[in-house]
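Me: I'm new to this structure and would love a close look at one part of it. Could you walk me through a single chain in a connected way?

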Amino acid sequence: MGERIVVDAKGMACPGPITKLVKAYRKAKSGDIIEIYATDPGFKPDLEAWIKRTGNELVEISEEGGVIKAVIKVTAK
Amino acid sequence: MTERILVLGAGPGGLVSANLLALHGYDVTVVEKSEYHLFQPGMLWIAFQGHPPEKYMRPVKDLVKPTVNLVQGKVAEVNLAERTVTLEDGRRLDYDRVIIALGAHLDYDAVPGHSSLVEEFGDYFRGADYAARFWSHFKAMSRGTLVIAAADPLYKCPPAPLKAAFLAAETLRRRGVKDSVSVVLALPFIHEYPSETVAEIVAPKLREAGVEVKTMFTVDSIDAENRVIYSLEGESITYDLAAVIPAHKGPAIRLLPEEARDDDGFIKVDKYTLQIEGYDDAYAVGDCNNAPTSKTGVTAHLGAEVVVERILGFDSRFNGRTNCPIVTDGEASFVISTYDHPPIPVKFSIFKRLLEDAFIASYWSSLRDPEKWSPIFRAYFEATDPSRVGGGW
Amino acid sequence: MAERDELMEVIDKLGQPEVREALVKAVDLLANLERSGLLDLLIALTDEDVVKRIVQLVMTTGTMKLADNLPELLDKLGAIAATLAEPAEPLGITGLLESLKDPAVARGLSRLVTVLRALGGD
């Protein structure tokens, strides 16, 4: 079982959320879960591009009350 | 008794703070470890166009007003609760107010192999000598691959690697070797720039300049022996010459209490007042703080003005304004944003290049006599405020 | 010591004939400016408050945009000026409607409407 890393990037404008994700990803190990919260509407397409490039697994992406929640399983490290 | 203000660091933020406060009769002391102040963007011109380093350096003593005390020394510890600063040689300084303007710490150990790379080739971040070293390699390059990359998405002057690529391409073209040297710009962002608005403006310029862009490439390790850079995202590039922007951290000092810093060591401030959280007699200006804006000389300069006005009793607030220049062959654009407004579309033009030339020409004078330049800068920043030119400029 | 070196540097410079000639000319220029009273005006222009007022006058959102688009603007003005040398035929309303079939005229009209919109806006 990997670790669960929670990243709060709410209120951060572009490129904040992806910057935070990259920082968390650098520290993560294979099997870890990264849970990230963001409010920047540009985060969704950016995240999709990032997932496609890195080959990690997007377990969940949802939006509630303007907050985007994404759950990523680290599989490419 | 006259209020004693300690200013730590003689970069743009420290010099503007100290020189403005000196005008108002405070007892101002600046602590700086170097004898010389370096105009940091100059490193791009030293490294990629062979400018002499002296052009971008001035003795710190010539940049402070006569009434400012200058202490040469390296800050070891700042104790916010006790209001003391200790230098590495053991000297202890007390203060009534402190302005920390120590800049960011460049961490060449965050990425394996990075220190070997920078020792071999130099770069355009570590110092004027390293920039000169880079030029000594770059000027002799006639074939192969030049890689310009970054170890982390957070670094000083967001357009720096783009400027590096434009300047490098220009030099290679002038030397007639552009076709045999490929310039690869590897960026840790999703697009050619963190902001998509800016990315759309620079992308065609990069194509025009013959720069190959690789996005989502955050340097994870460098194999200096076999000349390969590996990315966090799982790719690799082979290089003949490379400059990698190091990871940036908060200043390498002991700061008490430890809670005054975030995970990366940046000093936690109120983004509008630049006051250190929990201390009404301590401020952090420029790259060393965690304000959510770009780490650039302009934000340090504007932040310093706000801090000085607050010390004088005005309710000034920093709006996070950036004005990062992107320079191509003969033209320039600026990345203009505030806390409330993401970067606006700013097209490349000759006029903006002239403005940038004027900003650079006025640099030394604007540090020593900021009060003379304030009205001019203020008018410029107001005229180009995103709320006024939101549709673009 | 460093100050002495700097002073020596200045004295060395004075040894160069072109530097001496330039200095003589500069002194002549200053004397002319003084006689005409322009020197006093120039000194007044460097006053902080005066600088502030001049800057407020010339550095506005409008002038920033104007200066930025100066090459395009001058191109268009130059093209318009060149047409002034050609004889102009009187044009009636039918002729006007007819000329709208020319895409360049139609585009020009569209620009004129944009100009009108900018003129009428806040």
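Me: Let's take chain A: what share of its contacts with a separation of 6 or more comes from residues 24 or more positions apart?

Reply: Happy to help! Please keep in mind that this is a predicted model. In chain A, 62% of the contacts with a separation of 6 or more are made by residues 24 or more positions apart.

Now for the elements themselves. Chain A is built with 4 strands and 2 helices, and going along the sequence you meet them in the pattern β-α-β-α-β-β.

Next, the overall dimensions. A compact globule of 77 residues would have a radius of gyration near 11 Å, and chain A agrees because its own value is 11 Å. Along the principal axes, the C-alpha atoms of chain A fill a box of roughly 30 × 20 × 20 Å. Of the 77 residues in this chain, 39% count as buried.

Turning to the surface, chain A has an accessible area of about 3900 Å², and carbon and sulfur atoms hold 53% of that. As for charge, the chain carries 11 negative and 13 positive side chains, with the centres of the two sets 7 Å apart.

Finally, chain A has a partner. Together, chain A and chain B bury about 1500 Å², with 59% of this on carbon and sulfur atoms. Within the area that chain A buries against chain B, 44% is supplied by A:Lys23, A:Arg26 and A:Arg53, more than any other three residues. The contact involves 14 residues of chain A and 17 residues of chain B.

Notes. Residues numbered from 1 in each chain as written. Chains lettered and ligands numbered in written order. Predicted model: local features only at pLDDT ≥ 70, side-chain atom pairs only at ≥ 80, totals over all residues. Heavy atoms only, no water. Rg over C-alpha atoms; globule rule 2.2 N^0.38 Å. Buried < 20%, exposed > 50% of the residue type's maximum accessible area, 1.4 Å probe, protein only. Contact = heavy atoms within 4.5 Å. Areas by Shrake-Rupley, 256 points an atom, 1.4 Å probe, with all protein chains shown as cover. Lys, Arg positive; Asp, Glu negative; His and termini not counted. Charge placed at Lys NZ, Arg CZ, Asp CG, Glu CD. Buried area = accessible area lost by both parts, 1.4 Å probe.
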